[in-house]
Amino acid sequence: MADAIQFVDANGLKFAYLEEGSGPLALMLHGFPDTAHTWDDLRPRIAAKGYRAVSPFMRGYHPTAIPERDPDQETLSRDPLALIEALGADDAVIIGHDWGAAAAYGAAALDPDRVKKLFTIGIPHPAALKPSPKKLWGARHFAIYKLPGAPERFARNDFAALPAIYRRWSPLWNPDPTEFDDVRASFSNRASLNAAFGYYRKLSPVPSASMKTRIKVSTVVFAGLDDPIVEPADYRGAARMFENEYIVEEVRGGHFMHREHPEAFAERLLTHL
């Protein structure tokens, strides 16, 4: 594992990150409710393949700095591009899960020359998703998390909502309770918890410019076969948003497939690096 948290200034904010290995940059972006530690299994595997594997704590996730305002999609899309530059690289492989996937899609659309290859996990391209009663119910947290007091309710009873979210989005996963320790540690900083909910507060039903732009970067998307909300067909249907190679990998697991079956997942991803 990475020895220590490091810091870098990018896009007007001080980002904390974990790093392993040397070589071309592989930037690994986490989602909600998660931290840079979601990549603790995959990061050293990528480093062993000759990459400099860097996983930042996303905007507002402690110990990354707390932004002054809730981030819109364009800000999130520019964060990875700014991090690539701040880390001294010309380009990077980008791997994103959940909100990290949304940021990765946006970054690849805005500046394809900076993204050598794109890997996204658990989220089809947002502009291609077609609403259905099942999806709207599964994504009800998008509305609930916008409500006043949502962060405080999430924190009740030692973050009882945290394992509940993992069970709902990855129903076949039975993680050890310690799996959530890093998230609790980050969200124990209540300003950080509030900032994480800011992603949802700012979320607009109208796609931003980066979400409407077709992606020219070679892309591999990972669809969880046990995901109760989105299906492999949703990922295949998103192919219209891509102009280059677009591969859908169907793997075991739900929304957190990279943590549910880490070795099998890593094996599939590493074949595409």
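How are H2 and H3 oriented to each other? Load the predicted model and begin with this pair.

**Stop 1: H2 and H3**

Select residues 73-86, which form helix H2, and residues 99-110, which form helix H3. Their axes cross at roughly 75° and come within 7 Å. An angle of 65 to 115 degrees counts as roughly perpendicular, and H2 and H3 are therefore roughly perpendicular to each other. To see the contact, show side chains on the H2 side for Gln 73, Glu 74, Leu 76, Ser 77, Arg 78, Pro 80 and Leu 81. On the H3 side, show Trp 99, Ala 102, Ala 103, Gly 106, Ala 107 and Leu 110. Colour them by class and the contact has eight nonpolar, three polar and two charged residues.

**Stop 2: Asp 98**

Now select Asp 98, in the loop between S5 and H3. Its phi is near 60°, a positive value in a residue other than glycine. Most residues other than glycine have a negative phi. Is Asp 98 buried or exposed? Its relative accessibility is 9%, so Asp 98 counts as buried. Leaving aside neighbours within four places in sequence, show what is in contact with Asp 98: Gly 31, Phe 32, Ile 121, Ile 123 and His 255. For a sense of scale, draw a C-alpha to C-alpha distance from Asp 98 to Ser 188: the two are 21 Å apart in space and 90 residues apart in sequence.

**Stop 3: two cis peptide bonds**

Phe 32, one of the contacts of Asp 98, leads to the next selection. A cis peptide bond joins Phe 32 to Pro 33, with omega about -10°. Pro 33 lies in the loop that runs between strand S3 (25-29) and H1. Then go to His 62 and Pro 63, which are also joined by a cis peptide bond; here omega is about 15°. Pro 63 sits in the loop between strand S4 (52-56) and H2. Most peptide bonds are trans.

**Stop 4: H13**

Select residues 262-270, helix H13, and show its buried residues Phe 265, Ala 266, Leu 269 and Leu 270. Look down the axis of H13: these buried residues fall within an arc of 125°, so they line one face of the helix. Residues three or four places apart in an α-helix point the same way, because there are 3.6 residues a turn. Turn to the face of H13 directed away from the buried side and find the exposed residues Glu 263 and Glu 267. What do the buried residues of H13 pack against? Show helix H1 (42-48), helix H12 (257-260) and four strands: S5 (92-97), S6 (115-121), S7 (219-224) and S8 (246-251).

**Stop 5: H6 and H9**

Select helix H6 (residues 150-159) with helix H9 (residues 190-202). Their axes are 9 Å apart, and the two helices pack at an angle of about 135°. That angle makes H6 oblique to H9. The crossing is right-handed. From H6, show Ala 150, Pro 151, Phe 154, Ala 155 and Phe 159; they meet Arg 190, Leu 193, Asn 194, Phe 197 and Arg 201 of H9. By class, this contact of H6 with H9 has seven nonpolar, one polar and two charged residues.

Two residues of H6 deserve a separate selection. Phe 159 is in H6, and its phi is near 60°, again positive in a residue other than glycine. With a relative accessible area of 5%, Phe 159 is buried. Glu 152 is also in H6, but at 51% relative accessibility Glu 152 counts as exposed. A C-alpha distance from Glu 152 to Ala 10 reads 29 Å, with these positions 142 residues apart along the chain.

**Stop 6: Arg 184 and H7**

Select Arg 184, in helix H8 (residues 181-187). Buried means under 20% relative accessible area, so at 19% Arg 184 counts as buried. Beyond neighbours within four places in sequence, Arg 184 is in contact with Asp 158, Phe 159, Leu 162, Pro 163 and Pro 177.

Finish on helix H7, residues 161-169, where the buried residues are Leu 162, Pro 163, Ile 165, Tyr 166 and Trp 169. Viewed down the axis of H7, they fall within an arc of 155°, so they line one face of the helix.

Methods:
Residues numbered from 1 in each chain as written. Predicted model: local features only at pLDDT ≥ 70, side-chain atom pairs only at ≥ 80, totals over all residues. Heavy atoms only, no water. Buried < 20%, exposed > 50% of the residue type's maximum accessible area, 1.4 Å probe, protein only. Arc of directions from axis to C-beta. Axes fitted to C-alpha atoms, helices over the stretch in contact; angles between N-to-C directions. Parallel < 35°, antiparallel > 145°, perpendicular 65-115°, else oblique. Left-handed = near helix turned anticlockwise from the far one by under 90°. Contact = heavy atoms within 4.5 Å. Nonpolar A, V, L, I, M, F, W, Y, C, P; charged D, E, K, R; others polar.
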